[in-house]
Amino acid sequence: MHNPKALVIFSGGQDSTTCLLQAIQTYGRANVQAITFHYGQRHSIELERAHWIAQDLGIAQTVLDLSLMRQITHNALMEEGADIQTAANGMPNTVVDGRNALFLMYAAIYAKGQNIKHIIVGVCETDFSGYPDCRDVFVKSMNVSLNLAMDYDFQIHTPLMYLTKAQTWALADELGYLDYVREQTHTCYNGVVGGCGECPSCVLRERGLQEYLAGNRPSEHILLHSLHNKSRLNAQTASKNTS
Ligand SMILES: [Zn+2]
């Protein structure tokens with residue numbers, strides 16, 4: 001019996017790179033693929049980093065062009081010269097409506113064709129509650145919808161869902177890749193190599209890193225929770241392999 005295969009939605013940023021590294025550890029490098037979406041991002045550096053990291057880690061990467069998004073929606077991530085701002089309600093103007101829904105749909109169609117059931121996405125509702133399709137309730141509902149849509153047993157995994165940025169750095173460290181994620185990933189909304197230090201994404205990333213480095217280790221509860229999920233996954237995997 002083969003090991004299960006996994007598809008990681010991969011942007012080349014801190015979160016999805018951490019997910020990719022964790023997937024490699026969980027499923028084995030040969031069983032992991034990455035899928036990257038081009039949707040008219042302002043900066044090609046994101047795509048370049050994603051390509052470089054996938055190559056460096058020896059992971060097969062599929063890049064899909066969803067730039068048709070520009071025909072139906074506009075936001076600061078996609079428009080040259082637009083200011084990155086946070087509205088009074090805390091919602092950054094970088095939200096792309098429906099983006100994760102669309103990504104999951106395409107990822108699932110691709111995954112089924114590859115005989116892949118496990119889809120991993122680095123969404124998180126802890127630090128960025130402004131994005132409705134990063135919430136756990138959305139991902140669970142999308143999982144049900146995809147299973148019904150394609151009559152397939154997809155399992156969407158969101159290992160970062162309840163982690164703070166500091167805890168995501170802790171996870172990268174646990175995996176032995178803290179410096180790698182720090183140096184090789186790109187998260188800046190302004191497309192500045194190494195980060196502009198000012199956009200909401202850079203601020204969040206840096207604050208989390210400093211918090212982690214300052215020794216504010218994640219609570220044992222969260223780490224145990226994540227280990228529990230990991231062992232549950234391994235148990236499921238083992239039972240599938242023996243069935
Ligand atoms: Zn920045």
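A residue is buried if 20 or more other C-beta atoms lie within 10 Å of its own, exposed if 12 or fewer, and partly exposed in between, with C-beta atoms placed from the backbone. Helices (H or I, at least four residues) and strands (E, at least two) are DSSP runs, numbered from the N terminus.

This is a predicted model: local features need pLDDT of at least 70, side-chain atom pairs count only at pLDDT 80 or more, and totals for chains, interfaces and linings use all residues. Residues are numbered from 1 along each chain as its sequence is written.

**Exercise 1. Helix α6**

Task: Find which residues of α6 are buried.

Solution.
- Step 1. Locate the helix: α6 spans residues 165–174.
- Step 2. Apply the cut-off. Eight of the ten residues in α6 are buried, leaving the helix mostly covered.
- Step 3. Name them: K165, A166, Q167, T168, W169, A170, L171 and A172.
- Step 4. Look past the end. G176 follows α6 and has a positive phi, near 85°.

**Exercise 2. Two partners of α6**

Task: Describe how α6 packs against α8 and against α1.

Solution.
- Step 1. Choose the descriptors. Two packed helices are described by the angle between their axes and the distance between the axes. Here axes are lines fitted to C-alpha atoms, for helices over the stretch in contact, and angles run from 0 to 180 degrees between N-to-C directions.
- Step 2. Take α8. The axes of α6 and α8 come within 7 Å and cross at roughly 65°. The crossing is right-handed (the near helix is turned clockwise from the far one by less than a right angle; anticlockwise is left-handed).
- Step 3. List the residues that meet. From α6 come K165, A166, T168, W169 and A170; from α8 come L204, R205, R207, G208, L209, E211 and Y212. Contact needs C-beta atoms, placed from the backbone, within 7 Å.
- Step 4. Sort this contact by class: six nonpolar, two polar and four charged residues. Ala, Val, Leu, Ile, Met, Phe, Trp, Tyr, Cys and Pro count as nonpolar, Asp, Glu, Lys and Arg as charged, and the others, Gly among them, as polar.
- Step 5. Take α1. Its axis lies 10 Å from that of α6, at an angle of about 35°. This crossing is left-handed. Q14, D15, T18, L21 and Q22 of α1 meet T168, L171 and A172 of α6.

**Exercise 3. An annotated stretch**

Task: Which is the setting of G12, and which that of D15?

Solution.
- Step 1. Read the record. An unreviewed UniProt entry gives "binding site" at F10, S11, G12, G13, Q14, D15, S16, T17, T18, C19 and L20. Positions follow the numbering used here, feature names are shortened, and annotations may be inferred rather than shown by experiment.
- Step 2. Place G12: the loop between β1 (6–9) and α1 (14–27). G12 is buried because 24 other C-beta atoms lie within 10 Å.
- Step 3. Place D15: helix α1. D15 is buried because 26 other C-beta atoms lie within 10 Å. Beyond four places in sequence, D15 touches G122, C124, L160 and T168.

**Exercise 4. Two cysteines**

Task: Are C196 and C199 buried or partly exposed?

Solution.
- Step 1. Read the record again. The unreviewed entry's "binding site" also covers C188, C196, C199 and C202.
- Step 2. Place C196 in the loop between α7 (178–184) and α8 (200–213). C199 is also in the loop between α7 and α8.
- Step 3. Count. C196 has 15 other C-beta atoms within 10 Å, so C196 is partly exposed. C199 has 22 inside 10 Å, so C199 is buried.

Conventions. Two residues are in contact if their C-beta atoms, placed from the backbone, lie within 7 Å.
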